[in-house]
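Welcome, and please open the model in your viewer with the sequence panel beside it. We will move from one selection to the next and look at what is there.

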Amino acid sequence: MGSQNKTVPFAGTKEQEAALLKVIAEHKDDKGALMPILQKAQGIYGYLPVEVQTIISNEMNVPLEKIYGIVTFYSQFSLSPKGKYNVSVCLGTACYVKGSGDIFNKLQDLLGVTDGGCTTDGKFSLESCRCIGACGLAPVLTVNEDVYGKLSVDDLEGILTKYE
Amino acid sequence: MYRSHVLVCGGTGCTSSGSAKIIESLQSEIKKNGLKEEVAVVQTGCHGLCALGPIVIIYPEATFYAMVKEEDIPEIVSEHLLKGRIVTRLLYKEMITEDGIKSLNETEFYKKQHRIALRNCGVINPENIDEYIGTNGYEALGKVLTEYTPDQVIQSILDSGLRGRGGGGFPTGLKWKLAKGNDADQKYVCCNADEGDPGAFMDRSVLEGDPHVVLEAMAIAGYAIGATQGYIYVRAEYPIAVERLKIAIGQAREYGLLGKNIFGSDFDFDVDIRLGAGAFVCGEETALMTSIEGNRGEPRPRPPFPAQKGLFQKPTILNNVETYANIPQIILNGPEWFASMGTEKSKGTKVFALGGKINNTGLVEIPMGTSLRTVIDEIGGGIPNGKKFKAAQTGGPSGGCIPAEHFDIPIDYDNLISIGSMMGSGGLIVMDEDNCMVDIAKFFLEFTVDESCGKCTPCRIGTKRLHEMLEKITNGQGTMEDLKKMEDLCYYIKDNALCGLGQTAPNPVLSTLRFFRDEYVAHVVDKKCPSGVCKALLSYVIDADKCKGCTLCSRVCPNSAITGKVKEAHIIDQSKCIKCGACMEKCKFGAISKK
């Protein structure tokens, strides 16, 4: 996960670290606190580089390898930053039988990146995702929070242009 | 009192097609027309007919407007709400008959449905606890706390015949009974809302449309087994559902329906939310609990079963969202009422998410025992574009493909297993003649390879090998011996994998081999893909009679595989063709086809 992508230098701010420490302090004593803390940490930094994992490891007194094990297990956690616009193509069954595989391939061509990759200018990242439950609109993709449904391959360039 | 209520669907499907803007626009138009005191706008959960979203329903007339756009709102407000004239052009077409307009419940999509789990979805405002209470909400909880012993609650659930709606079909009452029988200082009630089967979204719709029903049922379960804490494990990919659950929990606590001394009894119960992080295996019960504990979501061997040692090593029950959605109704209407619906061994109703090549994509709730034909042809409105039905896929990556010959089989747990599929959580994806069944099997195996947690070898390596064999076949390099090997490997994985994910992962291969063997043989022996999906087995050809020699195709071909002079028929050099399909897409005369 993420290993095929170039890593960018970590540029966390003091404010982000303060926010993270606050989250850890709030949840430290909850049962099974690690998952919610990692989710919130990703919310703060946008991804979970080793620097962030180390802070959590030290504060929680949990070995770094355990945290790394969890981060790499779940597909929602990312070791590398996402693009300004994250394009996510649903490859759930309902979308797949309606041609989302072709949509995903075309986007790989258009953006010049593979699954999980990010364009060199940091603008677009591309990922495949499992069903987002909008099967009535299949095939579906999302760009950050925006949902595009009932797509055909020809719609893609137009959608990307909106974010240029 | 309002004279009119405008219900706007706020489920994920309709929100994705812009229902939030419609609500805004409705409110401003209503204000502009001075109707603010007379007309209320309510955001509801899913109505089921996602294909026609965004959906707007106006009561008391129950007028159903489909595919409403923001631009349509001024007309709806000024015509319908102000002047009382229905905007016919926006009506759901099915409702229009020769003698006027028929009621929504008379339409093909709704008339064969029977809504228990989806009772409140699309009817109440899910963000308002009073509306839930107004439809008998929390009455069942009050009833069990004041009139029932825990054993009586369990007996009612046992008598109703309710089985787990998450897919396995284990009797819910029995699960509760086992957990009650184990003494411990702390027990847990968990709700599985990690709806991972691609194409299934009924749990999400219940959480979005009627979140309180899950809280009420979990409290009933807590009372029955002696637990004081509940956890809902919900997918992070469902932001609307998570938000509404948070609101619902806050309101229930405020009303004293969660917390200490509920309904003045000595029963305490509270619920917390835990978010999933995108791992399919976490839908498996032991993996889900491992994940809540804050670990990699890997399954544990059973025994010990969760009823003995579950979450944090304490007795735990885990039920699916849809299972919980049935509980309060069973308590209120009695187990006999519930058991009167369905087949001998599968009682009640089941929600299915219809998707794929079907006209009415959306959510339907039907009595167990309804035939596939009724679901697809009548409720689902058949297959679009006059295509021929090939298969219905149920049970997601754990299920199988049901061919046309079993179209009349009554849908229940046992019948689906007997034809090599399973109920699963209720995704029902329809495939037509353009879908290649070998490709579909490969698609599901790709999914399981990706989602296998890697803990046990049969699943980790076995699914990978299966996927490689399927890849070989779709590339035209398979042999008949591969088919045999593949089948053997399937049974080996089924018998030896640790958890449900691995044990059922071969089902898509086995069921397609059973019912669509001829397609496999076509790939292996004739090196053809009959549906024209598997790229390596296709060849693009130009029909010389239709080709005008415009040269467009030779210009778009990225590999210079097409040659020909202007105004003469062109030819594709098959050895150079990379089968990208660009030529076919661009040809203005329909002269290029794939075979």
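## Chain A, as a whole

Among the contacts in chain A between residues at least 6 apart in sequence, 62% join residues at least 24 apart. Please keep in mind throughout that this is a predicted model. Colour chain A by secondary structure and you should find seven helices and four strands. Starting at the N terminus, the elements follow the order α-α-α-α-β-α-α-β-β-β-α. The C-alpha trace of chain A spans about 50 × 30 × 25 Å along its principal axes. Of its 164 residues, 39% count as buried.

## The sheet of chain A

Now select the strands of chain A. They form an open sheet of four strands in the order 2-1-3-4, with mixed pairing. Why do strand 2 and strand 4 of chain A each have one side without a neighbour in the sheet? Strand 2 (124-129) and strand 4 (146-148) stand at the edges with a single partner strand each, so one side of each is left free of a neighbour in the sheet. Averaged over the sheet, neighbouring strands are turned by 20° against each other, direction ignored.

Zoom in on residues 85-90 of chain A, which are strand 1. Strand 1 pairs with strand 2 of chain A in the parallel sense, over six bridges. To see one pair of residues, pick A:V89 and look across to A:S128 in strand 2, which stands opposite.

Next, add helix 6 (residues 100-111) of chain A, which packs on the sheet and touches strand 1, strand 2 and strand 3 (141-143). The direction of helix 6 makes about 150° with that of strand 1 of chain A.

## Where the chains meet

Show both chains and select the contact between them: 30 residues come from chain A and 40 residues from chain B. On the side of chain A that touches chain B, the elements giving two or more residues are helix 2 (34-45), helix 4 (64-73) and helix 5 (93-96). Coloured by residue type, this side of chain A divides into 17 nonpolar, 10 polar and three charged residues.

## Strand 8 of chain B

Move over to chain B and select residues 229-234, which are strand 8. Is this strand mostly covered or mostly open? Strand 8 is mostly covered, with six of its six residues buried. In a regular strand the side chains alternate between the two faces of the sheet. Here B:Q229, B:Y231 and B:Y233 lie on one side and B:G230, B:I232 and B:V234 on the other, and both faces are covered.

Strand 8 of chain B runs parallel to strand 7 (residues 188-193), and six bridges join the two. Strand 8 also pairs in the parallel sense with strand 9 (residues 270-275) of chain B, over six bridges. B:V234 is a handy residue to click: B:A193 is its bridge partner, and B:L275 in strand 9 stands opposite B:V234. Adding helix 11 (residues 239-254) of chain B completes a right-handed β-α-β unit with strand 8 and strand 9.

## Into the core

B:V234 also belongs to the largest nonpolar core, which has 209 residues. The residues with the most contacts inside this core also include A:V140, B:V206 and B:M218. Helix 10 (residues 211-225) of chain B gives the most to this core, with 11 residues. Leaving aside neighbours within four places in sequence, B:M218 is in contact with B:V189, B:C191, B:G230, B:V271 and B:Y324.

For a last stop, find a second, separate core of 11 residues, including B:I542, B:C553, B:A561 and B:C587.

Definitions and conventions. Residues are numbered from 1 along each chain as its sequence is written. Chains are lettered from A and ligands numbered from 1 in the order in which they are written. This is a predicted model: local features need pLDDT of at least 70, side-chain atom pairs count only at pLDDT 80 or more; totals for chains, interfaces and linings use all residues. Two residues are in contact if their C-beta atoms, placed from the backbone, lie within 7 Å. Ala, Val, Leu, Ile, Met, Phe, Trp, Tyr, Cys and Pro count as nonpolar, Asp, Glu, Lys and Arg as charged, and the others, Gly among them, as polar. A residue is buried if 20 or more other C-beta atoms lie within 10 Å of its own, exposed if 12 or fewer, and partly exposed in between; C-beta atoms are placed from the backbone. Two strands pair if DSSP finds at least two bridges between them. A crossover is right-handed if, with the strands pointing away from the viewer, the path from the first strand over the helix to the second runs clockwise. Axes are lines fitted to C-alpha atoms, for helices over the stretch in contact, and angles run from 0 to 180 degrees between N-to-C directions. A nonpolar core is a set of buried Ala, Val, Leu, Ile, Met, Phe, Trp, Tyr and Cys residues joined through C-beta atoms within 7 Å.
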